[in-house]
Amino acid sequence: MSNIEERVFSGIQPTGNLHLGNYLGAIKRFVSLQDDYNCIYCVVDLHAITVWQEPSELANNIREVTAAFIASGIDPQKHIVFNQSQVAEHAELAWIFNCVARMGWLSRMTQFKEKAGKDREKASVGLFAYPALMAADILTYRATHVPVGEDQKQHLELTRDIAQKFNNDFSDRISSLGLGEPMMVGDEKVQGYFPLTEPLIGGPAARVMSLRDGSKKMSKSDPSDLSRIVMTDDADAISKKIRKAKTDADGLPSEVEGLKNRPEADNLVGIYAALNDMDKASVLKEFGGAQFGTFKPALADLAVAKIDPIASEMRRLQADPAEIDSLLVKGADRAREIANRTLADVKEIVGFVGPRR
Ligand code: TYM
């Protein structure tokens with residue numbers, strides 16, 4: 001596998017409460033990339049256990065994310081859908097990357113600082129090493145493009161740093177084995193094995209905020225249920241949460257600049273835009289001057305129209321767990337074929353002894 005082909009990889013943690021931010025910031029964009037790329041979409045269960053997961057719930061959460069992928073329109077025949085723990089190469093490459101990444105790099109990760117909280121001594125070692133595993137997910141498939149929400153930007157920069165250091169450290173070896181391809185690192189041309197992956201972050205929903213507080217992102221762990229719309233909410237719940245969403249007292253502006261310093265209004269307009277494949281300016285063209293009393297019901301109708309069919313398809317799929325599990329096994333078999341080749345190359349590059357390629 002000498003040349004790097006264009007490929008999309010992304011992952012979602014099966015930690016429950018899959019929400020509108022996950023859908024608009026990630027899953028909906030996964031769907032839209034399918035025509036232009038070969039895509040690999042992964043349920044990252046190894047990442048999930050960096051914080052405690054109840055074993056009886058974990059399996060269902062893995063199936064729930066898988067169901068969300070399929071119900072949203074990802075085609076598991078054409079593309080690859082699987083759960084991470086079935087492909088051991090992720091953990092193997094992560095170990096090698098643990099030896100490439102530096103303590104200082106990982107110590108600067110804001111997600112680690114947030115999740116570990118004040119008592120870092122009590123955080124799992126896995127939570128600290130989390131970004132090296134994420135780099136391994138991506139680079140096991142030498143993926144060139146990774147669609148994610150804004151909150152993953154720093155992790156993707158780290159993935160590039162790891163790829164770059166690996167390419168630099170082993171450049172001579174990569175070249176003498178006839179692997180990889182020439183690439184520029186700064187001003188220097190090196191023979192690189194791993195691509196410098198490009199993040200695909202953007203659109204009006206790259207960072208969906210809490211419905212209760214426009215300064216916090218919508219998250220699975222917010223104690224308030226009203227802060228997020230989850231993919232399993234029914235029409236009543238969706239409408240209620242939008243009706244109760246925090247807003248200011250003014251009407252909607254007619255220009256995007258008018259959303260500045262109005263985080264809650266900005267968030268609702270962004271959600272409307274993303275759900276309806278528009279930009280914020282077009283939403284404001286339609287609703288500029290309207291009060292929230294008009295806009296919220298329109299948003300609720302739109303959200304119900306888009307989310308409800310996905311939710312009912314998810315319920316239908318989840319009623320047959322064996323079918324989901326078999327889909328994941330088939331996806332993992334296909335993923336492993338690619339992963340195997342990468343790991344064979346990497347082991348040879350590093351200098352391990354094993355069967356010849
Ligand atoms: P996770 O499971 O926290 O989130 C899954 C995806 O949803 C996006 N997202 C959001 N987008 C917009 N607004 C929000 N409020 C919001 N909340 C979450 C996330 O950015 C993400 O794209 N570390 C990753 C999982 C991962 C991964 C990977 C991603 C593991 N390996 C390799 C890409 C490539 C995570 O925790 O996502």
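## Exercises on charges, contacts and burial

R243 belongs to helix α10, which spans residues 235–243. Helices (H or I, at least four residues) and strands (E, at least two) are DSSP runs, numbered from the N terminus. The model is predicted, so local features need pLDDT of at least 70 and side-chain atom pairs count only at pLDDT 80 or more, while totals for chains, interfaces and linings use all residues. Residues are numbered from 1 along each chain as its sequence is written, and side-chain values use heavy atoms, with hydrogens and water left out.

**Exercise 1.** Decide whether R243 and A245 are buried or exposed.

*Solution.* Start with the cut-offs: buried means under 20% relative accessible area, exposed over 50%, and partly exposed in between (1.4 Å probe, protein chains only). R243 has a relative accessible area of 56%, so R243 is exposed. A245 has 5% relative accessibility and therefore counts as buried. Next, place A245: it sits in the loop between α10 and α11 (263–275). Finally, look at its neighbours, with contact meaning heavy atoms within 4.5 Å. Leaving aside residues up to four places away in sequence, A245 touches L211, L268 and K296.

**Exercise 2.** Find where T197 lies and which residues T197 touches.

*Solution.* First, locate T197 in the loop between β6 (188–192) and β7 (198–200). Then check its cover: its relative accessibility is 3%, so T197 counts as buried. Last, list contacts, again not counting residues up to four places away in sequence: T197 touches I138, L139, A143, T144, H145, V146 and R160.

**Exercise 3.** Work out which parts of the chain are tied together by the salt bridge between D277 and K28.

*Solution.* Begin with the rule: a salt bridge is a side-chain nitrogen of Lys or Arg within 4 Å of a carboxyl oxygen of Asp or Glu. In the D277 and K28 pair, the closest N and O atoms are 2.5 Å apart. D277 lies in the loop between α11 and α12 (280–287) and K28 in helix α1 (residues 20–33), so the bridge ties together parts 249 residues apart in sequence. Now compare the partners: D277 is exposed at 62% relative accessibility, whereas K28 is buried at 19%.

**Exercise 4.** Describe the salt bridge between R63 and D325.

*Solution.* Check the distance: the closest N and O atoms are 2.7 Å apart. Then find the elements: R63 is in helix α3 (residues 55–72) and D325 in helix α14 (residues 321–350), 262 residues apart. To finish, D325 counts as partly exposed, at 28% relative accessibility.
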